[in-house]
Amino acid sequence: MEISKAYDPGVVEEKWYAFWLQNQFFKADENSAKPAYSIVIPPPNVTGMLHMGHVLNNTIQDILSRKARMTGHEVLWLPGTDHAGIATQMMVERQLKKEEKKSRHDLGREAFLEKVWAWKEKHGSIIINQLKKLGCSCDWSRERFTMDPEYSRCVQRVFVDLYRQDLIYKGRRMVNWCPVSQTALSDEEVEMKPQKGFLYHFKVRVLGMEDTWLTIATTRPETIPGDTAVAVNPKDTRYAHLIGKCVLRPFPADIPETARTIPIIGDEHVDFAFGTGVLKVTPAHDKADFEIARRHGLPFLEVIRADGTMDSSAGSALAGMDRFRARKEVVEALRSMGALTEEKPYDHNVGFSQRADVPIEPRLSEQWFLKYPALEASRLCVSEGRMRFHPDRWAKVYEHWLNNIQDWCISRQLWWGHRIPIWSKMLPAGQTVDGRLAEAIRQANDAGDLAVIKTIPQPDGQMRMELATNSEACSKVALVLGFEQDPDVLDTWFSSWLWPFATMGWPAKTGMLQKFYPTTDLVTGPDILFFWVARMIMAGYAFMGGKEQSLPDPMPFRNVYFTGIIRDKQGRKMSKTLGNSPDPLVLIEKYGADALRFGTMRSAPLGQDVLFDEKDVELGRNFCNKLWNACRFRQMQGGAIQDEIQPALLNSDDRWILSSLNTAIRSVTLALNEYQFSEAAAALYRFFWSEYCDWYLEACKAVLNGNDADRKANSCAVMDFILSHVLRLFHPFLPFITEELWHGMGYSADMPSNQGGASIMSAPWPLPLNEDEMEQFGLSQTAFDLTSSKYQLITQGRNLRRIGNIPSGKKVKYVFKPVMALNEHDHEVIRLLLNAESLPVQPDFTPPKGTPSVKTNWGELFLPLEGHIDKAAEKARLQLELGKIEAEILKVKQKLENPGFVQKVPPQVLQEHQQRLVDWQAKMKHVQESIDNLQD
RNA sequence: GCGCGGUUAGCUCAGUGGUAGAGCAUUACCUUGACACGGUAGGGGUCACAGGUUCGAACCCUGUAUCGCGCACCA
């Protein structure tokens with residue numbers, strides 16, 4: 001192959017991705033005899049565009065998948081997208097408004113949904129294509145969407161099943177209402193944000209008492225028209241005597257006083273230290289007040305409408321006004337009637353709709369709720385360690401959430417999503433199920449579908465008959481009989497929580513489920529621990545635990561890896577509004593996908609947020625280029641691939657790099673097994689750059705510049721050995737460039753097709769050398785250390801140039817006074833790497849006075865400078881060094897003189913310290929001599 | 001308020017009891033036959049603070065400060 005000077009990722013990446021797809025290397029075979037490894041992708045929103053969070057997330061999944069393939073696993077990485085109810089609907093609504101100036105209501109439900117589907121068809125694959133650019137090795141033949149027909153049937157089935165068990169019920173409750181999206185939200189979708197507001201005090205007259213007033217503190221005066229009581233703590237001596245009396249509510253001012261006379265009640269909930277100790281009770285617009293009202297049988301008075309504007313019940317002055325505008329109006333009105341006694345700035349937390357970013361309005365409404373199933377099993381699998389969280393501190397957060405769990409509000413007043421599979425009809429009490437419907441229900445159940453009917457008595461004496469079914473035939477009969485389907489749809493997460501098995505053909509016992517469930521790893525951000533991870537665990541235990549699946553453990557995954565959150569280099573969250581979120585595709589264009597992957601992984605330690613800096617990607621690009629050029633260097637030596645290393649011809653540097661490779665294989669494998677991706681990347685980086693390129697390749701040139709063809713060939717064999725291992729170790733991180741070089745260097749040529757012959761993807765993951773191989777190659781710690789100290793000698797020798805201000809590029813003469821026999825190879829390596837013109841070996845060398853030198857266990861190295869030395873400067877430098885050495889000696893001496901130390905410390909540590917003292921003392925002696933030599 | 005995590009070189013971070021590390025940035029030198037997206041050699045840190053345990057603490061314990069996150073919140 002002809003290798004260019006710099007690596008150009010663009011063409012290479014496209015070529016190999018197409019190649020992988022064409023050869024179906026990503027495809028999972030459920031009939032394979034290999035052990036299974038599986039991941040289901042956290043499905044990105046169909047509205048999504050690839051951002052740095054996706055890059056982090058999916059690179060990790062790809063690394064895990066590719067490594068698993070190389071270690072001989074049958075890998076399923078199952079991709080797909082999420083319909084993302086609110087987000088998608090809002091996006092299409094916005095577009096509709098912009099382009100056609102219409103609302104969804106103008107179109108009607110059906111026509112609007114057609115629009116959304118059309119939008120999904122057009123844009124839904126954008127993020128999928130972006131993942132392909134990143135190199136993701138997903139099995140695209142199994143791509144799923146949470147609103148696929150089969151998937152939707154799973155959602156319905158689960159709903160009906162839970163409904164049958166009375167775990168799903170309809171209730172009129174206080175919910176988190178988003179006035180912009182105009183739907184209920186779950187508690188998890190509400191984000192508390194600190195807000196600057198005001199705490200207002202206003203007074204109301206106590207009826208039937210002479211000049212007695214109560215002062216009430218509130219942050220929400222606009223809800224005064226909805227107050228149906230005033231509460232005080234019964235233990236509060238200031239007010240207890242007033243319980244049972246009434247006060248006059250100031251608003252709405254245009255209704256008779258009798259209609260706004262409200263009682264003073266006593267309730268333990270009231271904190272008499274807060275505000276004035278008097279609480280206004282607005283049962284329809286506050287969660288706590290709702291509970292108080294229930295305890296005291298107070299009426300509920302709604303004064304704010306679904307869209308966040310004031311209802312006519314709030315009085316004609318406020319009707320139709322936005323809630324925040326109304327707040328100001330009410331304050332002014334109180335002020336003008338002289339009732340406002342205080343108005344002071346107040347910081348407090350307000351719940352915001354996560355999606356629409358506006359304050360939530362607690363609102364009384366009828367919604368569907370779910371009592372979470374399988375709570376205990378879900379808790380135990382983590383606390384008992386059968387399912388492991390990485391890092392495991394998230395297990396505590398998970399447990400805490402489970403222990404404080406509230407029923408899940410699962411209905412949404414949206415159109416885009418899974419419509420609730422309930423059909424109902426009002427009937428006179430006592431009416432039985434129509435025969436045709438009863439027959440349809442029987443048939444549905446016989447066919448393996450679910451159909452359940454319930455009757456719910458109504459306050460007016462009628463009853464509501466509810467059919468829950470996932471059978472289309474059955475629901476059609478109900479429609480004919482005048483039943484109507486519930487208009488709401490389900491929370492998006494009510495479909496996502498089934499992802500690990502609904503994507504694999506559940507409820508049937510499919511080959512795919514048998515092979516790949518439970519999945520091995522889940523990789524996701526901690527921000528969706530409650531939304532998604534926890535609920536998937538429950539769904540696993542609730543629906544995969546039955547006899548029909550016959551699983552030893554129905555858990556959905558064995559390991560959960562929580563990524564950090566990607567922030568910018570100032571530590572701020574990436575966001576569109578801040579404009580600090582780089583477009584990964586631009587980065588891929590500029591630096592290459594491998595560079596982006598490597599840079600991201602290198603800076604993303606387990607369990608920490610990632611401060612992203614484009615410099616990291618630049619580092620990745622530089623690294624790819626280094627890899628490219630190291631291979632180019634091997635290529636330029638010519639010759640065929642050398643796959644036979646001749647042990648007899650190995651030199652000290654060959655042995656050193658083979659030992660080093662062995663260490664690298666161990667540490668990279670270990671790090672990956674422990675999900676320490678940044679550690680694995682750093683270990684590879686260090687091995688390849690600092691050890692292979694900086695030392696081995698440079699030392700290699702001693703052989704390659706020579707004339708011994710056998711030894712040259714053997715050096716090439718070692719290079720090929722190292723490179724073929726390095727490429728495989730790097731493949732999970734850098735899939736494209738490693739594939740290109742794997743083929744380009746010819747390493748694929750001799751391999752069986754399914755073991756690296758066709759693609760590096762299927763090449764075996766490198767194993768450390770076994771003892772036989774170590775012995776055959778003559779590798780040992782002693783030999784390794786000896787060569788390491790040779791390199792230390794070289795570094796120190798190069799440093800000598802500074803003394804005479806000799807440029808590193810200038811060839812000079814060094815003299816070596818060895819302590820042991822120096823073989824020809826080592827001699828040449830030292831000479832070459834010192835960039836020495838010559839390196840005479842003179843065992844009895846007597847240097848001219850003041851010649852700079854270093855002393856090592858290989859011997860003493862001199863740089864004769866012939867009077868080029870600034871003696872004063874050199875002396876000062878040596879004095880400084882002497883000071884440092886003395887400090888070190890003092891430290892070690894103090895330890896060794898401490899009787900406690902000598903008695904208690906392990907012998908090995910003691911010996912280390914003693915050796916250290918000897919070394920430092922030798923060094924001190926040498927430096928002292930050098931100083932003495934500088935004296936005239 | 002409760003819980004969790006962080007505080008180590010100018011920056012971003014490794015380092016879990018035995019000589020303080022990496023990358024970037026920085027200084028000097030080098031365009032040498034793989035690579036300037038490069039090479040060589042440097043400089044730079046009383047490991048937030050205070051106690052304690054230990055022969056020995058960046059590391060273990062206690063407390064404090066500070067930053068961040070999660071949960072719960074008093075209207």
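1. A good place to begin is helix α9 (residues 323–336), which lies across β7 and β13 and runs at about 165° to β13. Please keep in mind as you look around that this is a predicted model.

2. What is the order of the strands in the sheet that holds β7 and β13? It is an open sheet of three strands, β8-β7-β13, with antiparallel pairing. β8 (213–218) and β13 stand at its edges with a single partner strand each, so one side of each has no neighbour in the sheet. On average, and ignoring direction, neighbouring strands here are turned by 20° against each other.

3. The pairing of β7 with β13 deserves a visit of its own. Strand β7 (residues 190–205) is joined to β13 by 13 bridges, and the two run antiparallel. To find your way along this pair, look for G197, which stands opposite Y346 in β13. Y346 is worth remembering, for it is also among the closest residues to RNA strand B.

4. That brings us to the RNA. How many residues surround RNA strand B? There are 55 of them, and the closest are Y346, N349, W689, N898 and K904. Sorted by class, this surface has 21 nonpolar, 14 polar and 20 charged residues. Of the RNA atoms within 4 Å of the protein, 61% belong to sugar or phosphate, while the rest belong to bases.

5. Which element gives the most to the surface near RNA strand B? That is α20, with 11 residues. Several elements each supply at least two residues to this surface: β13 (340–353), α11 (394–403), α20 (614–636), α22 (677–704), α26 (781–803), α28 (871–897), α29 (899–904) and α30 (907–934). Strand β13 thus appears both here and at an edge of the sheet described above.

6. Three individual contacts with RNA strand B are handy to look up, and they involve different parts of the RNA. For a base, go to K626, where a polar side-chain atom lies 2.8 Å from a base oxygen. For a phosphate, go to W689, which has a polar side-chain atom 2.5 Å from a phosphate oxygen. For the sugar or linking part, go to R802: an N or O atom in its side chain is 3.5 Å from a sugar or linking oxygen.

7. Helix α22, one of the contributors to the RNA surface, also packs against another helix. Its partner is α27 (residues 824–833); the two meet at an angle of about 115°, with their axes 9 Å apart. Is the crossing of α22 and α27 left-handed or right-handed? The crossing is right-handed. On the α22 side you will find W695, E698, A699, K701, A702 and V703, which meet H825, E828, V829, L832 and L833 in α27. By class, this contact has seven nonpolar, one polar and three charged residues.

8. A second open sheet is also worth a look. Its four strands come in the order β6-β5-β14-β16, and their pairing is antiparallel. β6 (183–185) and β16 (408–409) are the edge strands, each pairing on one side only. Strand β14 (residues 361–370) is joined to β16 by two bridges, again with the strands antiparallel. In this pair, L370 stands opposite W408 in β16.

9. Now for some backbone details, starting with the cis peptide bonds. One joins W506 and P507, with omega about 10°. P507 sits in the loop between α15 (499–502) and α16 (511–516). Another cis bond runs from Y517 to P518, with omega near -5°. P518 is in the loop between α16 and β23 (519–524).

10. Finally, which residues have a positive phi although they are not glycines? One is Q24, where phi is about 55°, and another is D357, where phi is about 60°. Q24 belongs to the loop between α1 (9–22) and β1 (36–40). D357 lies in the loop between β13 and β14. If you trace the chain there, the loop of D357 links β13, a strand of the three-stranded sheet, with β14, a strand of the four-stranded one.

Technical notes. Residues numbered from 1 in each chain as written. Chains lettered and ligands numbered in written order. Predicted model: local features only at pLDDT ≥ 70, side-chain atom pairs only at ≥ 80, totals over all residues. Heavy atoms only, no water. Pairing = 2+ DSSP bridges. Near = heavy atom within 4 Å. Polar contact = N/O pair within 3.5 Å; in protein donor to acceptor, adjacent residues only side chain to side chain. Nonpolar A, V, L, I, M, F, W, Y, C, P; charged D, E, K, R; others polar. Axes fitted to C-alpha atoms, helices over the stretch in contact; angles between N-to-C directions. Left-handed = near helix turned anticlockwise from the far one by under 90°. Contact = heavy atoms within 4.5 Å.
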